[in-house]
Amino acid sequence: MAPAASFDLDRRPSIPESPQSPASGRSRRSVHAALGSGAVADLLLWRNPTATASVAGAATVFWILFELAGYGLLSLAANSLLLLVTILFFWAKSASLLNRPLPPLPKLEVSEEVVGRVSGEARVWINHALSVARDIAIGRDRKVFLKVMLVLWFVSYIGGLFSFLTFVYIGVVLSLTVPALYEKYQDLIDEKLCLAHSVLLKQYDHALSRTLRQSNKEKKLY
C-alpha cells in the first residue's frame, strides 16, 4: 500500500499557465487590458466591428468633404441645420393639417451630469499640462523638458508636411489599425523589437566606450 500512497502524493494538480510567446517564452501582454478593457478598447481592437467601421467611415467622409472637396466646416454645419430645420418645420405643419403625430424629437437640452463629466475630464488634462509646465519652468527637470521639446518638434515637423485635418485623419486610421495588428502579430513584433533594442544597446555601449577612451586620452595629454 505504501507505493500507491506515494504515487497519489506525487500527482499534483496542474496550475494553468499564462499564454506564452513561442519565440521568446515570455507571457503575452493583454492589449485589451492595456487599453483600459472598456468600450474604447473594444473599438480600437475591432471587438465591435460595426462601431469601428462606422468611426472609420465617418472619419473618411469628413476627410473627403473638408480636405478633398474643399467644403468649409461652417458652411456644412449651416446647410445641414438649414435642411434639418426645413424638414422638421414642414413635417410639423403637415402633421397638424393631416392630424398626424408630430416629429419624435427628444428633449433638446444638455444635462448637468454631462457638463460635470466633461468639465471634470477637461480639468484633469489641464492640471496635468500645468504640472508638466511647472516641472519644466520651476523644477528644471531636464528629462521632461527634452521630452516636451521632442514631441513639439515632431508635431511641428509633421504639421508642415500635412494639413491639420489630414493629420487627424492619419491619427484615426493608425489608432484603428496599429493596436489590432499588434494584438494579432504580437509575438513577431515583440521579437523584432527586442532584436532592434539589443542592437541599439550595443551601438550605444560602443559609442559610450569610444567617448570614454577619447576623454581618457585627452586627460593623459594634459
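The expected span of a helix is 1.5 Å times one less than its number of residues, and that rule is a useful one to carry into this tour of a predicted model.

**Helix H8.** Begin by selecting residues 164-184, which make up helix H8. With 21 residues at 1.5 Å a residue, H8 should span 30 Å, and because its end C-alpha atoms are 30 Å apart, the expected and modelled values agree. Now centre the view on Leu174, where H8 bends by about 25°. While the helix is still selected, colour Thr166, Tyr169, Leu176, Pro179 and Tyr182, which are buried residues of H8.

**From H8 to Thr52.** Keep Leu176 in view and add Thr52, which has its place in helix H4, residues 49-68. Is Thr52 buried or exposed? Thr52 has a relative accessible area of 0%, and therefore counts as buried. If neighbours within four places in sequence are left aside, the residues in contact with Thr52 are Asp42, Leu43, Trp46 and Leu176, the last of which is also one of the buried residues of H8.

**A salt bridge between distant parts of the chain.** The whole structure holds two salt bridges by the search made here. For one of them, select Glu183 and Arg47, whose closest N and O atoms are 2.6 Å apart. This pair links distant parts of the chain, since Glu183 belongs to helix H8 while Arg47 sits in the loop between helix H3 (39-44) and H4, 136 residues apart. Glu183 is partly exposed, with a relative accessible area of 23%, and Arg47 is likewise partly exposed, at 44%.

**A salt bridge within H6.** Move next to helix H6, residues 112-137, where Arg117 and Glu113 lie four residues apart, about one turn of the helix. An α-helix has 3.6 residues a turn, so residues three or four places apart point the same way. The salt bridge between Arg117 and Glu113 has its closest N and O atoms 3.1 Å apart. Arg117 counts as exposed because its relative accessibility is 52%, and Glu113 is exposed as well, with a relative accessible area of 57%.

**Aromatic pairs.** Four aromatic pairs are found in a search of the whole structure. Among them is the pair of Phe62 and Phe66, which is tilted, with 5.7 Å from centre to centre and 35° between the planes. Both residues lie in helix H4, four residues apart, about one turn of the helix. Phe62 is partly exposed at 45% relative accessibility, whereas Phe66 is buried, with a relative accessible area of 14%. Then select Phe89 and Phe90, an edge-to-face pair with 5.5 Å between the centres and 80° between the planes. Here Phe89 counts as partly exposed at 47%, and Phe90 is exposed at 54%.

**Helix H7 and the annotated segments.** Select residues 142-161 for helix H7, whose 20 residues reach 29 Å from the first C-alpha to the last, close to the 28 Å expected. How many of the residues of H7 are buried? The number is one of the 20, so H7 lies largely in the open.

Finish with the segments that an unreviewed UniProt entry lists under "transmembrane region", namely residues 68-92 and 150-172. Over residues 68-92 the chain is 84% helix and 0% strand, with end C-alpha atoms 37 Å apart. Over residues 150-172 the chain is 91% helix and 0% strand, and here the end C-alpha atoms are 22 Å apart.

Definitions and conventions: Residues are numbered from 1 along each chain as its sequence is written. This is a predicted model: local features need pLDDT of at least 70, side-chain atom pairs count only at pLDDT 80 or more; totals for chains, interfaces and linings use all residues. Side-chain values use heavy atoms; hydrogens and water are left out. UniProt positions are given in the numbering used here, feature names are shortened, and annotations may be inferred rather than shown by experiment. Helices (H or I, at least four residues) and strands (E, at least two) are DSSP runs, numbered from the N terminus. Buried means under 20% relative accessible area, exposed over 50%, partly exposed in between (1.4 Å probe, protein chains only). Contact means heavy atoms within 4.5 Å. The bend at a residue is the angle between axes fitted to the seven residues ending there and the seven starting there. Rings of Phe, Tyr and Trp (its six-membered ring) pair if their centres lie within 6.5 Å; planes under 30 degrees apart count as stacked, over 60 as edge-to-face and the rest as tilted. A salt bridge is a side-chain nitrogen of Lys or Arg within 4 Å of a carboxyl oxygen of Asp or Glu.
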